[in-house]
Each structure stands twice: as structure tokens, then as C-alpha cells.
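Reader: Please take a close look at one part of this model, the interface between its two domains. I would like one connected account of what lies there.

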Amino acid sequence: MANSDTTKGTGRLVHLRVKRQDGPDLPETKRYEEFKVPYLPQMNVISALQQVQKEPRTVDGKDVAPVVWESSCLEEVCGACTMIINGRVRQACSALVDQIAPNGEVITVEPMTKFPLVRDLIVDRERMFHDMKKVKAWIDIDGTHELGPGPRESPEAQQERYPLSRCMTCGCCVEACPQYNDSTQFVGPFALNLVRLFNMHPSGALHKNARLETVMGEGGVQDCGKSQNCVEVCPKEIPLVDSIAQVSRDATKRLLFGWLLK
Ligand code: SF4
Ligand code: SF4
Ligand code: FES
């Protein structure tokens with residue numbers, strides 16, 4: 001039995017403490033529940049949650065509804081499984097039990113706090129996708145017909161842009177950012193990085209001024225308080241502070257000299 005102290009296999013147990021809530025409008029159901037599940041080699045927080053799902057019984061023997069969470073790639077590529085694990089925002093699929101609880105310590109898992117809660121560990125990251133729309137985080141094409149070869153790019157330019165392109169919209173940076181909250185319209189560090197990325201692309205640069213004008217307004221680059229929390233937590237090690245500084249310089253240039261180009 002998963003929650004008994006007499007377990008199969010190694011006998012080692014993984015102790016999870018999960019923050020739960022039954023739905024977005026049910027704050028009265030907010031609670032922590034604790035589970036102990038059998039340890040498996042190479043276990044990560046997702047596989048521990050899967051064990052809970054198989055037999056959702058708390059440490060005090062109560063049968064409860066299965067815990068829900070989101071995940072997809074299971075290799076830190078999609079960002080879907082982002083949650084707060086022992087106080088740190090990160091991906092559950094790359095949070096290895098051996099590293100975070102080598103001696104059977106309690107692992108506390110909570111949903112991110114900057115997005116509306118859906119249920120248990122699932123949040124709605126829609127605001128991030130709105131932020132991406134605001135800053136035109138894409139490259140327009142004229143149609144799906146044959147457009148001929150795209151602009152040629154040097155390997156150096158590709159190499160410079162590649163680290164910026166690794167964003168998986170996971171939400172870690174905005175969870176850590178003090179300026180990204182319900183009372184601001186700040187687009188967030190990931191969106192400012194995407195402004196830099198798409199403005200550097202030869203075709204993306206066609207909308208460079210539109211992107212800069214968006215981030216010169218409310219919720220734009222001026223809202224960044226330069227605390228640098230974002231760069232500390234980005235699992236893809238994207239140089240977010242450099243991107244914000246570059247976008248800020250470009251926006252200032254646009255502000256000072258943009259009238260010359262009109
Ligand atoms: S910039 Fe980094 S932390 Fe922020 S959403 Fe992208 S991958 Fe996640
Ligand atoms: S540097 Fe700016 S974007 Fe990054 S966490 Fe601080 S306020 Fe947020
Ligand atoms: S499941 Fe895709 S990043 Fe964890």
C-alpha cells in the first residue's frame with residue numbers, strides 16, 4: 001500500500017506536501033495535503049505526483065480526489081509543469097527527488113501565484129500569451145504560397161539570437177518579477193526578450209518600430225524595476241537583463257529620434 005510505512009522495493013518513501021484548491025472560485029477549499037509514495041530510481045516530482053494519482057490517500061489515511069497538474073514533454077521543453085517546489089519556481093519534470101530531498105525531506109509543491117488558479121497545481125497562463133500578442137512576438141508572412149528564399153543570415157547572427165529563442169513561456173521569470181502582478185500591465189521580462197529576439201531578425205525587424213512603440217507605453221520596459229530576479233530563475237538561462245537593457249536603449253532612441261523617421 002503506497003501510504004503505509006511498510007513499502008515494497010527499497011522501502012524508501014517520498015513525502016509530498018501539496019497545496020490544493022478545488023476550483024478558482026472555491027478559496028474555502030484551500031488546504032495542504034500530505035502524501036507518502038514509494039521511491040523509484042530517477043524519480044522526479046511529476047513521477048511522485050503520478051504515484052499519488054494512482055492511490056490518492058493522505059498520510060492520515062484519508063481517501064481524497066486525485067491531485068491535478070499539467071505536464072507534457074517531461075524534458076524541460078514545454079514549460080507546462082512549472083510550479084513552486086520548496087519555495088522555488090521551476091519545472092516539476094526536472095526536479096529530481098534525489099537532489100531536492102536526498103534524506104526523505106518533505107517536498108512542498110504549490111501552484112504559481114501570478115496567474116489565476118484553475119485547480120490544485122494548474123494555473124491559467126493566458127496573460128503571457130496576451131503579452132506575446134501585444135509585442136507581436138512573431139514574424140509575419142504574406143501567405144502560404146511559395147515566398148522564395150528568406151533573407152540570408154550569418155552564423156554569428158544566428159548564434160547571437162539562439163539563446164534568446166529558447167523561451168518556453170514557462171512563467172518562472174514573471175513569477176519571480178515583483179513588477180508583474182494584478183495591479184500592473186507590465187508585459188514581463190520574457191516578452192521584452194521576445195521584442196529583442198524578433199527585432200534582431202531581418203524579417204521580424206519590419207515591425208521593430210511597432211514593437212518598440214508598444215513597450216514605450218504603459219506596461220512597457222519602463223515598468224521594470226531592475227531587481228534582476230527574472231534572470232536568476234530562468235531555466236533556459238536567457239540573458240533577460242541584457243535583453244531588457246537593449247530594448248530600453250532602442251526604445252529611448254525611438255523616443256528621441258523616431259520623429260525623424262516619420
Ligand atoms: S524567459 Fe525563461 S523563465 Fe521566462 S518564460 Fe521564458 S524560459 Fe521561462
Ligand atoms: S529585472 Fe525587471 S523584469 Fe526582471 S524581475 Fe526585476 S523588475 Fe522584473
Ligand atoms: S513537462 Fe514540459 S517542461 Fe516539464
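Author: Across the interface of domain 1 and domain 2, 7 residue pairs are in polar contact, both residues at pLDDT 80 or more; a polar contact is a pair of N or O atoms within 3.5 Å, in which, within protein, one must be able to donate a hydrogen and the other to accept it, and residues adjacent in sequence count only if both atoms are side-chain atoms. Strands S3 (82-85) and S4 (88-91) each supply at least two residues of the side of domain 1 that touches domain 2 (strands are DSSP runs of E, at least two residues, numbered from the N terminus). S4 gives the largest share of that side, 3 residues. By class, the side has 8 nonpolar, 4 polar and 3 charged residues; Ala, Val, Leu, Ile, Met, Phe, Trp, Tyr, Cys and Pro count as nonpolar, Asp, Glu, Lys and Arg as charged, and the others, Gly among them, as polar.

The model is predicted, with local features needing pLDDT of at least 70 and side-chain atom pairs pLDDT 80 or more, while totals for chains, interfaces and linings use all residues. Residues are numbered from 1 along each chain as its sequence is written, chains are lettered from A and ligands numbered from 1 in the order in which they are written, and side-chain values use heavy atoms, without hydrogens and water.

Domain 1 covers 13-123 and domain 2 covers 125-140 + 152-260, bounds that come from an automatic or database domain assignment. Their centres, taken over C-alpha atoms, are 31 Å apart. In contact (heavy atoms within 4.5 Å) are 15 residues of domain 1 and 14 of domain 2.

The area buried between the domains is about 1300 Å², with 55% from carbon and sulfur atoms; buried area is the accessible area (1.4 Å probe) that two parts lose on being put together, summed over both. In domain 1, Val 89, Lys 114 and Phe 115 lose the most area to domain 2, together 47% of what that side buries.

Methods:
Helices (H or I, at least four residues) and strands (E, at least two) are DSSP runs, numbered from the N terminus.
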